[in-house]
Amino acid sequence: MSALTLDDIATLLLRGARQHGATAADVVVAEGDSLMVGVRLGTVEKVQRARAKHLGLRAFAGARSAILSTSDFTPAALEQLAADAVALARVTAPDPFSGLPEPGELAGAATSLDLFDPAVGQVTAEQATAWCLEAETAARDADARITNSEGAEFDAGSHLVVYAASNGFHGSYRSSSCSLSCVPVASQNGSMERDHWYSAQRRLARLDSPASIGATAAARALRRLGARQVGTAQVPVVFDPDMAGSLLGHLAGAVSGGAVYRGLSFLAGKLGEAIAPSFLNVYDDGTLADGLGSKPFDGEGLPTRRTPVLEGGVLSAYLCDTYAARKLSRRATGNAARSVGDSPHVSPTNFFLPAGTTPARELIASVKSGLYVTELMGFGVNATTGDYSRGAGGLWIENGELAYPVSEITIAGNLLQMFRDIEAVGDDLVMRRSICAPTIKIARMTVAGS
């Protein structure tokens with residue numbers, strides 16, 4: 001068995017499942033290497049390097065199904081896995097919406113999306129440590145008020161994924177990713193504030209320099225010193241790109257077919273309705289070259305694609321895997337995600353709001369009195385109703401200028417109204433995550449403080 005490739009193992013498992021009586025089956029086989037290095041105050045705190053290989057088999061007995069996973073690749077273990085998966089499927093409750101996609105829906109030949117960089121897997125612990133130390137040193141040297149650090153961390157991973165199914169699909173792809181982050185602590189007059197900065201990419205050479213990451217992290221921590229509370233008011237709110245990305249994450253959850261058919265989305269039943277200004281478009285695109293959420297096919301073998309979610313402010317699509325599509329009487333959108341031990345579920349790929357044409361500084365300059373949000377805390381979001389209330393921190397805007405830091409405040413509204421009240425979109429989109437947005441300005445929200 002040691003001479004067999006992951007593709008061979010996937011083929012053998014499918015054959016074994018059919019031999020034990022499965023009416024259909026699919027299998028995910030994955031292997032990968034990872035490196036994590038962390039330093040704090042110039043001292044290495046952790047170095048972790050791991051290599052893992054595991055697989056999951058989903059077997060169907062008509063409308064019944066079961067999933068089993070293992071990291072034991074011995075012939076006896078794999079034979080037993082196939083037998084056990086089929087036996088378990090036979091005793092589960094039937095679900096008429098379950099099953100594999102139709103062969104005509106499957107992805108063809110995989111296209112290269114520039115997802116793999118061999119240099120990521122060649123990074124040594126010594127190199128990663130040096131980058132972490134450089135980032136933390138840059139932060140600590142930026143200003144005498146940087147008096148402590150929660151450290152700097154480098155993460156890297158390279159993976160091979162194989163997916164095969166009895167409907168005829170068999171595909172694989174390699175991917176890599178790496179990131180470097182730094183979290184300094186600033187202090188002044190007895191108060192302490194922390195903040196962070198990071199860079200994440202598929203390719204090692206595209207990471208921001210350690211020195212720039214540390215310097216940016218320090219600047220973000222320093223600008224929080226002397227934070228105040230503000231009185232309760234309804235004012236314009238500008239979300240920086242990371243915080244705007246969190247808002248877009250709530251939209252991604254609301255357009256998930258799984259949330260929609262369960263009745264757990266504030267956008268259920270709103271397909272075709274205008275839910276945002278006409279200048280607003282949002283896309284989910286799994287085909288972006290080197291995108292952190294890109295892949296040539298989804299967790300069911302369907303091709304990923306570019307799906308317009310909002311077009312001219314109109315809700316134009318729900319994201320669906322095969323199961324959600326059948327429940328909603330729609331077509332799957334190539335948004336099935338899957339780990340080896342779980343059924344497929346709906347997940348965005350690269351979900352983003354394209355950049356506008358207005359510089360972020362002009363969005364701030366357009367506010368006479370309001371809030372620039374750089375931090376959100378808590379989980380006060382009701383996905384079913386869209387009610388939104390979260391702890392926040394950031395900078396108060398006076399006469400178009402960032403005047404002073406604020407903390408211990410709450411911002412509240414309703415997500416549907418918040419999207420309708422988006423007045424402007426900045427030009428500063430950077431795809432550092434799989435869900436991203438540029439700076440956005442919302443006309444009015446409730447800001448509650450002292």
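**Entry 1: Asp195 and Arg224.** I looked up Asp195 in this predicted model and found that Asp195 forms a salt bridge with Arg224, with the closest N and O atoms 3.6 Å apart. The two residues belong to distant parts of the chain, since Asp195 sits in the loop between β6 and β7 while Arg224 sits in the loop between α5 and β8, 29 residues apart. I then checked accessibility: Asp195 is buried, with a relative accessible area of 5%, and Arg224, at 15%, counts as buried too.

**Entry 2: strands β1 and β2.** I searched for pairs between these strands and noted that the side chains of Glu31 and Arg51 meet in a salt bridge at 3.6 Å, N to O. Glu31 lies in β1 and Arg51 in β2, so this pair ties together parts that are 20 residues apart in sequence. Glu31 counts as buried at 19% relative accessibility, because buried means under 20%, whereas Arg51 is exposed at 56%. I also found a salt bridge between Asp26 and Arg58 (2.8 Å, N to O), which links strand β1 to strand β2 across 32 residues, and here both partners are buried.

**Entry 3: Asp298.** Which side chain of opposite charge is nearest to Asp298? I found that it is Lys295, 6.8 Å away, and that Asp298 is buried yet has no salt bridge. Instead I noted backbone nitrogens beside polar atoms of the Asp298 side chain: that of Ala336 lies 3.1 Å away, and that of Asn335 lies 3.4 Å away.

Notes
Residues are numbered from 1 along each chain as its sequence is written. This is a predicted model: local features need pLDDT of at least 70, side-chain atom pairs count only at pLDDT 80 or more; totals for chains, interfaces and linings use all residues. Side-chain values use heavy atoms; hydrogens and water are left out. Buried means under 20% relative accessible area, exposed over 50%, partly exposed in between (1.4 Å probe, protein chains only). Lys and Arg count as positive and Asp and Glu as negative; His and the chain ends are not counted. A salt bridge is a side-chain nitrogen of Lys or Arg within 4 Å of a carboxyl oxygen of Asp or Glu. A polar contact is a pair of N or O atoms within 3.5 Å; within protein, one must be able to donate a hydrogen and the other to accept it, and residues adjacent in sequence count only if both atoms are side-chain atoms. Helices (H or I, at least four residues) and strands (E, at least two) are DSSP runs, numbered from the N terminus.
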